[in-house]
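Student: I'm new to this one. Could you walk me through it and tell me how each label is earned?

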Amino acid sequence: VTSDNPGDMITAVIAVAIGNELGCVVETTGINKDTDELIGEAEEMVRYMMEKRDVAIRELHVEFSTTTVKNIASAIASVVYLNNDIVEG
């Protein structure tokens, strides 16, 4: 989310639910919205998506980024997908 309105509070939220066989990712953003409400919205959406697929959630992660605009600003929350073939060295 991006804003060029000084004083705006901008927030990006991402939620990741992981099941045994699949997972879901959702994101939401807001300008001048309560961060806790946005976090709750993302968590509710990802739980709903897993429920509709009849998949039990093994892990649930919610992360957010928020800032107050001074001139122009962006808030970003992201997920990086890695496969099992990647080895840390």
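**How the labels are earned**

Tutor: Let's start with burial: in this predicted model, buried residues make up 28% of the 89 residues in the protein chain.

Student: And what does the protein chain look like along the sequence?

Tutor: Its pattern reads β-β-β-α-β-β, from 1 helix and 5 strands.

Student: How do you know that the protein chain is more spread out than a compact globule?

Tutor: Set two values side by side. The globule rule gives 12 Å for 89 residues, but the radius of gyration is 15 Å, well over that, so the protein chain counts as more spread out. Its C-alpha atoms fill a box of roughly 45 × 35 × 15 Å along the principal axes.

Student: Why is Gly40 called partly exposed?

Tutor: Buried would need under 20% and exposed over 50%. Gly40 has 33% relative accessibility, so it falls in between and counts as partly exposed. You'll find Gly40 in helix 1, residues 35–52.

Student: What makes up the lining of the largest pocket: nonpolar, polar or charged residues?

Tutor: The lining divides into 9 nonpolar, 3 polar and no charged residues. Val16, Ile18, Val79, Val80 and Tyr81 lie nearest the centre, out of 12 lining residues. Strand 2 (9–18) and strand 3 (23–31) each supply at least two residues of that lining.

Student: How much space lies in the largest pocket?

Tutor: About 200 Å³. How do we find such space? Rolling a probe the size of a water molecule over the atoms shows where it is left empty.

Note on methods: Residues numbered from 1 in each chain as written. Predicted model: local features only at pLDDT ≥ 70, side-chain atom pairs only at ≥ 80, totals over all residues. Heavy atoms only, no water. Helix = DSSP H or I, 4+ residues; strand = E, 2+ residues; numbered from the N terminus. Buried < 20%, exposed > 50% of the residue type's maximum accessible area, 1.4 Å probe, protein only. 1 Å grid on protein atoms, 1.4 Å probe; cavity = no way out; pocket = protein on both sides within 12 Å on 5 of 7 lines; lining within 4 Å. Points joined across faces, edges and corners; volume = space filled by probe spheres on them. Nonpolar A, V, L, I, M, F, W, Y, C, P; charged D, E, K, R; others polar. Rg over C-alpha atoms; globule rule 2.2 N^0.38 Å.
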